[in-house]
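Trainee: Got a minute to walk me through this one? I'd like the layout before I set anything up.

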Amino acid sequence: MPDRFAERLLEWYDQHGRHDLPWHHNRNAYRVWVSEIMLQQTQVTTVIPYFNAFMERFPDVHALAEAPEDDVLSHWSGLGYYARARNLQKAAKTVVADYAGDFPADQQQLESLTGIGRSTAAAIIAQAFGKRAAILDGNVKRVLARYHAVAGWPGQTSVLKTLWERAEQHTPHERVRDYTQAIMDLGAMVCTRTRPNCDTCPLKADCAAYTRGETTFYPGSKPKKAKPEKVTWMVILEDAQGRILLERRPPSGIWGGLWSLPELDPAFGADELQDACEQKLGLSCETPELISGFRHTFSHYHLHIQPARLLVRGAGAIGDNDNQRWLHRDEALSLGLPAPIRTLLTDAEQVALL
DNA sequence: CAACCGTGGTG
DNA sequence: TCACCAAGGTT
């Protein structure tokens with residue numbers, strides 16, 4: 001029997017799809033690539049303002065390759081998964097050095113660039129170069145899992161393998177660019193995670209899950225696991241001029257490469273913070289003022305952030321260098337800061353005004 | 001394979 | 001308040 005999957009999908013896309021997202025204009029490999037990286041595990045409405053600001057500052061791969069890393073990270077501040085930003089610039093340097101600034105239209109060569117995996121490489125090939133390549137992102141997984149009633153969690157290798165086979169099978173030889181956008185749009189707009197709008201779906205006639213009335217069973221859910229609780233001190237060290245000490249975080253781990261407040265071991269009691277700052281940072285401080293703490297949830301654990309404000313006496317042993325800076329709050333907020341730290345500094349400013 | 005890596009929206 | 005998770009990839 002003829003497979004009308006792509007045909008029906010494209011017909012729907014022409015009428016109801018999204019045709020004017022920012023990365024659809026002035027389409028080239030660079031803009032498609034940046035958008036695909038930003039869109040990893042991140043929703044379209046979140047990405048749009050970041051993409052526009054990023055393109056304004058880094059209009060092409062050369063601008064990105066030559067920019068200071070701090071500049072790249074500050075444009076990623078609040079977007080999350082900061083390794084994406086570091087990998088992005090590393091790949092930009094590779095494209096400039098090894099490909100004369102032109103992205104290769106080849107799946108393997110694209111996947112060799114850091115931050116680009118199978119699905120992102122395929123998206124670039126289809127969207128930027130119009131060549132046939134199958135993508136498999138969260139939207140496509142959901143559509144295909146339902147259409148073919150593929151049981152199990154897509155994170156499982158066997159399930160993933162089946163979905164990739166289905167993705168390859170349905171990808172047409174014509175209009176691949178539109179098809180790729182179409183199946184993502186269907187997943188985002190019709191075949192949604194909860195309460196899919198099956199009434200308006202162009203594929204419902206042959207959708208196995210819909211036919212059986214089992215759309216909620218697909219795709220299978222991820223096995224749940226308890227998130228550990230962690231605790232940390234975040235110190236706002238303020239000198240006589242009202243400047244705050246910022247520290248660059250190590251390149252790997254949470255918030256890698258971003259600027260943040262100094263952390264102190266949670267084993268220190270509140271009455272030991274003064275000594276801790278003395279010993280660990282070489283700074284003489286006044287009695288700490290505790291600011292209300294809060295819990296921040298990450299993908300894999302909860303972090304209790306306990307902030308404390310300490311006034312620094314005289315000139316400290318710590319000055320400005322590559323990894324430490326004394327900055328006023330407005331200057332600090334222009335750095336690439338993690339979202340909760342940005343919020344904390346904003347709130348702390350209000351506290352200071354009281 | 002499983003852990004790790006962020007944030008904001010949603011119910 | 002909170003679990004779940006969205007245009008994934010790397011280690």
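Mentor: We'll take the chain, its cores, the two DNA strands and then a few odd backbone spots. Keep in mind that this is a predicted model.

Trainee: Fine. How many helices and strands does chain A have?
Mentor: Chain A has 15 helices and 8 strands. Its C-alpha trace spans about 80 × 50 × 35 Å along the principal axes. Of its 354 residues, 46% are buried.

Trainee: What domains is chain A divided into?
Mentor: Domain 1 covers 5–217 and domain 2 covers 229–353. Their centres, taken over C-alpha atoms, are separated by 37 Å. Domain 1 puts 8 residues into the contact, and domain 2 puts in 16 residues.

Trainee: Okay, cores. Which residues have the most contacts inside the largest nonpolar core?
Mentor: Tyr 30, Trp 33 and Phe 54. That core has 93 residues. Helix H2 (residues 29–38) gives the most to it, with 7 residues.

Trainee: And where does this core lie relative to domain 1 and domain 2?
Mentor: Between them, because both domains give residues to it.

Trainee: What is Phe 54 in contact with, leaving aside its neighbours within four places in sequence?
Mentor: Tyr 30, Val 34 and Met 38 are on the list. So are Leu 64, Val 72, His 75, Trp 76 and Leu 88. Apart from the big core lies another one, of 16 residues. Trp 233, Leu 273, Leu 281 and Cys 285 are among them.

Trainee: Switching to DNA. How many residues surround DNA strand C, and which are the closest?
Mentor: There are 25 residues, with Leu 39, Gln 41, Thr 120, Asn 139 and Lys 224 the closest. By class, that surface has 6 nonpolar, 11 polar and 8 charged residues.

Trainee: Which atoms of DNA strand C are within 4 Å of the protein, sugar or phosphate, or bases?
Mentor: Sugar or phosphate accounts for 68% of them, and bases for the rest.

Trainee: Give me some polar contacts there.
Mentor: Lys 224 has a side-chain N or O atom 2.8 Å from a phosphate oxygen of DNA strand C. For Arg 142, the side chain to phosphate oxygen distance is 3.4 Å. Trp 23 goes to a base instead: its side chain has an N or O atom 3.3 Å from a base nitrogen. Helices H8 (118–129), H9 (138–147) and H11 (176–189) are the elements giving two or more residues to this surface.

Trainee: Back to H9 for a second. Is it mostly covered or mostly exposed?
Mentor: Mostly covered, with 8 of its 10 residues buried. Asn 139 and Arg 142 are among the buried ones. The buried residues pack against H1 (5–16), H10 (157–170), H11 and H12 (208–211). At the start of H9, a side-chain oxygen of Asp 137 comes within 3.2 Å of the backbone nitrogen of Asn 139. Just after the helix, Ala 149 has a positive phi of about 50 degrees.

Trainee: Now the other strand. Which residues come nearest to DNA strand B?
Mentor: Tyr 82, Thr 157, Lys 225, Trp 255 and Ser 299, out of 21 residues around it. Sugar and phosphate make up 59% of the strand B atoms within 4 Å of the protein. The classes there are 10 nonpolar, 10 polar and 1 charged.

Trainee: What's the polar contact of Ser 299?
Mentor: A polar side-chain atom of Ser 299 lies 2.6 Å from a base nitrogen of DNA strand B. The side chain of Thr 42 also has an N or O atom 3.2 Å from a base nitrogen of that strand. Tyr 82 uses a polar backbone atom, 2.6 Å from a phosphate oxygen.

Trainee: Last topic, backbone oddities. Which residues does the cis peptide bond join?
Mentor: Tyr 218 and Pro 219, with omega about -10 degrees. Pro 219 is in the loop between H12 and strand S1 (229–238).

Trainee: What about the phi of Asn 26?
Mentor: It is positive, near 45 degrees, and the residue is not a glycine. Asn 26 is in the loop between H1 and H2. It is exposed, at 60% relative accessible area.

Trainee: And where does Tyr 81 lie?
Mentor: In the loop between H5 (69–76) and H6 (83–99). Tyr 81 has a positive phi of about 45 degrees. It is partly exposed, with a relative accessible area of 48%.

How values were computed. Residues are numbered from 1 along each chain as its sequence is written. Chains are lettered from A and ligands numbered from 1 in the order in which they are written. This is a predicted model: local features need pLDDT of at least 70, side-chain atom pairs count only at pLDDT 80 or more; totals for chains, interfaces and linings use all residues. Side-chain values use heavy atoms; hydrogens and water are left out. A nonpolar core is a set of buried Ala, Val, Leu, Ile, Met, Phe, Trp, Tyr and Cys residues joined through side-chain atoms within 4.5 Å. Buried means under 20% relative accessible area, exposed over 50%, partly exposed in between (1.4 Å probe, protein chains only). Helices (H or I, at least four residues) and strands (E, at least two) are DSSP runs, numbered from the N terminus. Domain bounds come from an automatic or database domain assignment. Contact means heavy atoms within 4.5 Å. A residue is near a molecule or strand if one of its heavy atoms lies within 4 Å of it. A polar contact is a pair of N or O atoms within 3.5 Å; within protein, one must be able to donate a hydrogen and the other to accept it, and residues adjacent in sequence count only if both atoms are side-chain atoms. Ala, Val, Leu, Ile, Met, Phe, Trp, Tyr, Cys and Pro count as nonpolar, Asp, Glu, Lys and Arg as charged, and the others, Gly among them, as polar.
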